[in-house]
Structure formats: structure tokens, C-alpha cells
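Work through the exercises below with the sequence and the model side by side. Each task is followed by a solution that proceeds step by step.

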Amino acid sequence: MDSTLKPTNLVSTSQNLRNPGYRPLLPSCGLPLSAASAVRRLCSRGSDRYLENRDASRLSGRDPSSWTVEDVMQFVRETDPQLGPHADLFRKHEIDGKALLLLRSDVMMKYMGLKLGPALKLSYHIDRLKQGKF
């Protein structure tokens, strides 16, 4: 049996801690430190791939001024999950890509009924969109 898999190595006892060759296992995953670091590298690569796929939505690479109302709603949902419930307001007010680029926080608050926080968040994301950072 591999020494790292022995039941005595799974628990940090005072006897194990005194042993100079003792290598503790990570409590969260039960792997030796060297294997755990390899797993972390693999996991981080996987999450990078997920984020790349998420960024490759049907909106990326397209001029925001050509977006439909549905595209604008998708943008609102994807930029911040907390803004998702407000996406239907963009359909109600027929906000397409050109109108989105003209929106300001005061207009969203006064005419769309948004509170200050969501209006400011949306303004921030719209500004980033104008700078080409979406």
C-alpha cells in the first residue's frame, strides 16, 4: 500500500507530526501537497476555459449599436447577475443597442423606474461597452 494512503497518514496525530518524513494531506481533498497543487493547476485551467466560453457569447465582437432589444436584455443579464431582474424593463421600453448607448443613470431612474444602485451599475457597464471592454 502506498504510504500516503495509509490510514495513519490521514489524521495528524502527535506521533505523525514528530516523524521527519511525515507529509500531511490536505484536509479538503485528501491528496498529498504535491498532488493537490497539480489538481489546483488543472482546476484553474478549467475555470479559465469556462470564462473564455462565457465571454464568447453571441454579443462579443458585434457592434453594440446593431444589437436588438433581445441582445440588450442578454447583455444586462450577463454583465451582472443582480441586474438580471431588470432585463425585462429594456423590452418594455424598447431599448435596443443604439438606445442603450444613449442611456444615462438619471434617465434610467426617472423613466425606467430603476433605483440608484442598479442604474449606476448599468451606467458603468454601458461606459465599458462604449470603450470596447465588454
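**Exercise 1.** Determine whether R91 is buried, partly exposed or exposed, and find its salt-bridge partners.

*Solution.* Begin with the cut-offs: buried means under 20% relative accessible area, exposed means over 50%, and partly exposed lies in between, with a 1.4 Å probe and protein chains only. R91 has 40% relative accessibility, so R91 counts as partly exposed. This is a predicted model, in which local features need pLDDT of at least 70 and side-chain atom pairs count only at pLDDT 80 or more, while totals for chains, interfaces and linings use all residues. Residues are numbered from 1 along each chain as its sequence is written, and side-chain values use heavy atoms, with hydrogens and water left out.

Next, look for salt bridges, each being a side-chain nitrogen of Lys or Arg within 4 Å of a carboxyl oxygen of Asp or Glu. R91 and E70 meet through their side chains in such a bridge, at 3.0 Å from N to O. This pair links distant parts of the chain, since R91 lies in helix 4 and E70 in helix 3, 21 residues apart; helices (H or I, at least four residues) are DSSP runs, numbered from the N terminus. D88 also forms a salt bridge with R91, with the closest N and O atoms 3.5 Å apart. D88 and R91 are three residues apart in helix 4, which means that about one helical turn separates them. E70, at 37% relative accessible area, is partly exposed, and D88, at 46%, is partly exposed too.

**Exercise 2.** Describe the geometry of the aromatic pair in the structure.

*Solution.* Rings of Phe, Tyr and Trp (its six-membered ring) pair if their centres lie within 6.5 Å; planes under 30 degrees apart count as stacked, over 60 as edge-to-face and the rest as tilted. The structure holds one aromatic pair. W67 and F75 form it, with 5.4 Å from centre to centre and 50 degrees between the planes, and the pair is tilted. Both W67 and F75 are buried.

**Exercise 3.** Which residues touch the most other members of the largest nonpolar core?

*Solution.* Such a core is a set of buried Ala, Val, Leu, Ile, Met, Phe, Trp, Tyr and Cys residues joined through side-chain atoms within 4.5 Å. Of the 20 residues in the largest one, V76, F90, L100, L103 and M108 touch the most other members. The elements that give two or more residues to this core are helix 3 (69–79), helix 4 (87–92), helix 6 (105–112) and helix 7 (116–130).
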